[in-house]
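The exercises below ask you to trace a sheet and then a helix, and each is followed by a worked solution. Please look over the sequence and the coordinates before you begin.

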Amino acid sequence: MSITVRIPAPLQAVAGNRLEVEADGGTIAELLADLDNRFPGFRQRVYDETGRLRRFLNVYVNQEDIRFLSGETTPIKDGDEVSIVPAVAGG
Amino acid sequence: MSSYIHHVQGLACRDCGRNYPLENLTVCEHCFGRLEPRYNYGAIRRYLSRGLIYSRPQNIWRYRELLPLTGLPQVGQSNGFTPLVRARRLAERLGVSELYIKNDAVNAPTLSYKDRVVPVAISRALETGLELFACASTGNLANSVAAHAAQAGLPCIVFIPDNLEAAKIVNSLVYGPTVVAVKGNYDAVNRLCAELTARHPSWGIANVNLRPYYAEGAKTMAFEIAEQLGWRFPRHVVLPVAGGTLLPRVHRGFDEFVKVGLVEGELPRIHAAQPEGCCPVVDAFLHRRDRIVPQKPNTIAKSLAIGDPADGYTVLESLKATGGSAVAVPDEEIIGAIKLLAETEGIFAETAGGATLAGAVRLSESGVIPRHESIVVAVTGNGLKTQAALDGALAQPVRVEARVEHFEAAWQELQKEAIAA
């Protein structure tokens with residue numbers, strides 16, 4: 001089983017300098033834990049001191065924000081596309 | 001230009017405090033927090049005076065020491081210094097004593113507040129040799145980005161949601177950029193652009209990797225309000241909130257004018273207005289949430305239809321710091337406010353301006369803004385771009401044949417109707 005994860009520029013250094021990586025997990029939380037196994041230090045970059053996902057970091061499953069799904073318990077399956085994207089300004 | 005003395009020193013993360021050199025960064029590399037330029041305020045205080053500002057052309061660059069350029073500006077000579085209109089007839093209708101409209105509906109060259117931020121972003125792009133200028137936009141930003149790219153001779157791509165008003169699309173296409181209509185709402189467009197930045201480091205995406213520079217341009221609205229009021233602050237400012245760029249920078253602009261000694265006194269209370277169909281910041285403020293909950297927008301105010309505002313937290317901080325408040329208004333009140341402003345002051349605002357005025361009316365009626373205190377309401381865009389929102393809301397033309405008796409009969413009929421009403 002393998003899920004493609006898009007990595008934003010500020011996280012690429014900790015993820016082997018890659019734009020996309022493969023990882024496993026049945027939920028977003030498990031996927032992020034797996035990424036921390038593969039790339040030590042990953043977890044502390046995406047979670048804040050209180051153990052919540054950083055508030056300026058958004059996670060999408062097949063282009064839908066996980067906050068519209070089930071947050072970190074959102075289920076994912078083989079072939080899904082996950083994107084980690086910093087919040088950006090707008091107009 | 002090497003002879004130009006600049007006072008911007010670097011970027012600092014508002015959230016974790018880390019410092020960065022002046023680079024084209026979207027967010028803090030460590031915590032993804034918000035980056036802001038740092039200035040040498042002491043040096044600016046010694047150098048910048050009211051007299052020096054008076055001596056310069058009436059555009060955004062008259063405050064250039066407080067903008068993050070390292071050279072002299074090459075574009076944007078017609079931008080900013082929009083009218084601050086004393087709205088006497090509207091004030092009378094609302095029962096308030098001192099009301100002003102900051103009229104960015106006539107900002108140049110593309111008729112919205114975006115003509116303040118884009119020249120700063122593109123100047124930064126030119127200073128750092130970026131090869132293409134782009135943005136993710138609900139329309140107004142796209143118009144401004146396309147026009148300034150044309151002015152600077154840079155290739156341009158604008159990314160917009162595929163449901164925009166026709167006028168906002170034409171007002172981008174005419175400048176010759178590549179217009180990409182993305183399926184989905186603005187938040188989807190923004191996510192795409194954030195992902196593209198990593199792949200195309202030689203592109204300057206105004207609201208992404210040029211964001212810390214771009215946002216600073218919005219301070220000029222505050223600078224102008226203070227200068228136009230005779231170097232003093234109003235008591236209240238009401239601003240629209242979409243992505244959250246403008247409101248915190250207006251706050252920052254007032255604060256900086258105090259820091260560099262150009263104005264004394266208490267900062268204005270800053271209030272936020274959003275449409276009910278997209279009000280994640282108002283919702284977080286009123287319910288005292290520590291996290292902003294994103295929404296799926298559904299409103300006629302498309303330029304405010306940003307369900308996941310990146311600077312929403314910055315807005316909340318400014319509201320708290322200045323003792324301001326937040327209000328959401330239904331679409332019917334937006335249309336009513338557009339008509340009221342047009343009929344009393346001769347200003348045709350876009351839907352965002354209607355939302356802001358409708359919000360100000362509610363805040364006044366509920367006593368949050370006391371009637372005797374001075375109020376500035378910002379109109380950030382032009383009604384000519386959102387005409388479809390008024391379909392069915394206006395009277396129809398009176399049709400006559402080109403004969404005197406036909407007109408006179410129709411006129412008499414109208415007079416009777418007016419008396420009956």
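Two strands pair if DSSP finds at least two bridges between them, where strands (E, at least two residues) and helices (H or I, at least four) are DSSP runs numbered from the N terminus. This is a predicted model, in which local features need pLDDT of at least 70 and side-chain atom pairs count only at pLDDT 80 or more, while totals for chains, interfaces and linings use all residues. Residues are numbered from 1 along each chain as its sequence is written, chains are lettered from A in the order in which they are written, and side-chain values use heavy atoms, without hydrogens and water.

**Exercise 1.** Determine the strand order of the open sheet in chain B and identify its edges.

*Solution.* Begin with the order, which is β4-β5-β13-β10-β11-β12 in chain B, with mixed pairing. Next, β4 (84-86) and β12 of chain B each have a single partner strand, so one side of each is left without a neighbour in the sheet. Then inspect two pairs: β11(B) and β12(B) run parallel over four bridges, with B:Ala272 opposite B:Ala326, whereas three bridges join the parallel strands β10 (236-240) and β13 (375-379) of chain B.

**Exercise 2.** Establish how far helix α12 of chain B is covered, and by which elements.

*Solution.* First count the buried residues (under 20% relative accessible area, 1.4 Å probe, protein chains only): they are eight of the eleven in α12(B), residues 312-322, among them B:Tyr313 and B:Leu316. Then list the contacts (heavy atoms within 4.5 Å): these buried residues pack against α10, β11, α11 and β12 of chain B. Finally, just after α12(B), B:Gly323 takes a positive phi of about 75°.

Methods. Buried < 20%, exposed > 50% of the residue type's maximum accessible area, 1.4 Å probe, protein only.
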